[in-house]
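Reader: I work at the bench and would like a close look at a single part of this model. Please start with how one pair of elements packs, and then place that part in its surroundings.

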Amino acid sequence: GGSQFRALLPRLRDMHDEGVTLAALSELCELLAMATEESVALGGLCVEEYAPALVALLRRPQNANLLLLASRAICHLVDLIPPATGPLVALGAASTLCERLLSSEYIDLAEEVLQALQRLSVDHGPAVLRAGGMLAALQFVDFYTTGAQRVAVSTAAALCASVTIQTAHLTAEAAPTLCRLTASVDGKVLEHAVSGCSRLVTLFSNALLAGRAAGASREQTEAAVDADALLRSLASNGMVLNLVRLLGARAPPTSRAAAAVRAASLPFVSDVTYSRVVGTLASAAHASPALNLEMHQLGIAAILRQVLAPVTLLPAAAAEEQAEHGAGVDGVHGAGDGAAPAPAAAEAGAAGALLAAPSTLTSEQQSYLLDLIGHLLPTPPLPPPPRALLRPSLPGRAALAGAARTPPEFFWTLVEEGEAVAEPKAERKAERKAEPKAGRSRAKKGAKGG
């Protein structure tokens, strides 16, 4: 009838009899689950009236059944009327749901509350983030069912899109869990975790580069210091290690990089996620020398070689069989399948043969990988300055217009032949210390006598 929802509202507001309230909530959930936009309008449901009633139910003294049904009603209401998130958030539903998530003793209840929080985070990410939504979503993620884990990590990843340098501290407690989940054995969880980390790395890297740029303001410089610390924090929680290992997901099956992926029981990585992994590493390597060094220490160069130049060494017996039958071995195709033999096959000798595997990389991924390699390469040294920039009257001192760009451990000197060379400061200081003091004093006296 036209007054279904109007009749339920007074029972929801009953503060004396919880039985009446529970029955009204249960009936409301059933009506909303079967309702359509037209039936809601005809039934007299007013969001401005129901939102305060539902938020008040969330704040009642702990009653698991009451909280579970109120959270479920919010989910149904938002699914049916998406703009309802506005009044709910304005009334403080986000902070109340976060509090309930962090203090819940029942996993099924926490999962229902999590669903409601996820609905609010779609259109009101900043408000949910400020309410502590990221920590609330990931605090007990290991205890959830697989479906709830996916909801929790997708909620956290969506909140990462709302993070700014000013609000980055709100991610500090949840970031370690998000980084750890980039090695999850569930494909969806891993995908969402990589997405969230990618958004954070992009934000921090851009802030770091902006603070280092010429003409950066004081605020940008201070933000760069914070961004550098935040990037290092992500790396310290295993993010770089996990992402570097994920690069091997596109290496030949018989390569060491692919074996490392299998050893970690990592799931299949989609093209979108793989591109995101490469882009995240490229941003981090470009912005942070410390993370760049860590990637090299983790053997990223060898993994990239295996991904971009997929060549596999076959044992001698397998190589002979491959030559006779032309069949693929472990997914690596030989000349019998129409592939050209590798140039280095003759060098393999009795040990076997080198065969190229077909590339599984898209053109976009190849571009991202080359960009990553460009950031991993060391900055080329600056060429010697023109002679016009050197002042012969000061043979032992730097006199460069661009002295700020000169590596600090070197300075330019002018030698007798008139050529500019770089001489380490440390060597000059060592020579001066090694010279006897008496010899220097006699030289000074001789100069005065002359």
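**One helix pair and its surroundings**

Author: In this predicted model, H2 passes H5 in a left-handed crossing. The two helices, H2 at residues 18–34 and H5 at residues 64–80, pack with about 25° between them and with their axes 9 Å apart. Because angles under 35 degrees count as roughly parallel, H2 is roughly parallel to H5.

The side of the contact that belongs to H2 consists of Thr21, Leu22, Leu25, Ser26, Leu28, Cys29, Leu32 and Ala33. H5 supplies Asn65, Leu66, Leu69, Ala70, Arg72, Ala73, His76, Leu77 and Leu80. Sorted by type, the residues of this contact are 12 nonpolar, 4 polar and 1 charged. As background, an α-helix has 3.6 residues a turn, so residues three or four places apart point the same way.

H5 itself has 17 residues, and from its first C-alpha to its last it reaches 24 Å, close to the 24 Å expected at 1.5 Å a residue. This helix is mostly covered, with 12 of its 17 residues buried. Those buried residues are Leu66, Leu67, Leu68, Leu69, Ala70, Ser71, Ala73, Ile74, Cys75, Leu77, Val78 and Leu80. Among them, Leu66, Leu69, Ala70, Ala73, Leu77 and Leu80 also take part in the contact with H2.

Now for the wider setting. The protein has 24 helices and 4 strands, and buried residues make up 42% of its 450 residues. Of the contacts between residues at least 6 apart in sequence, 67% join residues at least 24 apart.

Another helix that can be read in this way is H11, residues 146–160. Its 15 residues should span 21 Å at 1.5 Å a residue, and its end C-alpha atoms are 21 Å apart, so the two values agree. The buried residues of H11 are Ala148, Gln149, Val151, Ala152, Val153, Thr155, Ala156, Ala157, Leu159 and Cys160. They pack against H8 (107–123), H9 (125–130), H10 (133–138), H12 (175–180) and H13 (187–212).

Tyr144 sits in the loop between H10 and H11. Its relative accessible area is 6%, and because buried means under 20%, Tyr144 is classed as buried. Apart from its neighbours within four places in sequence, Tyr144 contacts Leu101, Ile107, Ala110, Glu111, Leu114, Ala136, Ala137, Gln149 and Ala152. Two of these, Gln149 and Ala152, are among the buried residues of H11. Tyr144 and Asp108 are 36 residues apart along the chain, and their C-alpha atoms are separated by 8.3 Å.

Further along the chain, Thr273 and Ser270 can be set side by side. Thr273 lies in H17, residues 271–287, and is buried at a relative accessible area of 3%. With neighbours within four places left aside, Thr273 is in contact with Leu190, Glu191 and Val194.

Ser270 belongs to the loop between H16 (256–263) and H17. At 26% relative accessible area it is partly exposed, whereas Thr273 is buried. The C-alpha atoms of Ser270 and Ala249 are separated by 9.5 Å, with the two positions 21 residues apart along the chain.

To return to the starting point, H2 and H5 are roughly parallel, and their crossing is left-handed.

Notes: Residues are numbered from 1 along each chain as its sequence is written. This is a predicted model: local features need pLDDT of at least 70, side-chain atom pairs count only at pLDDT 80 or more; totals for chains, interfaces and linings use all residues. Side-chain values use heavy atoms; hydrogens and water are left out. Axes are lines fitted to C-alpha atoms, for helices over the stretch in contact, and angles run from 0 to 180 degrees between N-to-C directions. Angles under 35 degrees count as roughly parallel, over 145 as roughly antiparallel, 65 to 115 as roughly perpendicular and the rest as oblique. A crossing is left-handed if the near helix is turned anticlockwise from the far one by less than a right angle, and right-handed if clockwise. Contact means heavy atoms within 4.5 Å. Ala, Val, Leu, Ile, Met, Phe, Trp, Tyr, Cys and Pro count as nonpolar, Asp, Glu, Lys and Arg as charged, and the others, Gly among them, as polar. The expected span of a helix is 1.5 Å times one less than its number of residues. Buried means under 20% relative accessible area, exposed over 50%, partly exposed in between (1.4 Å probe, protein chains only).
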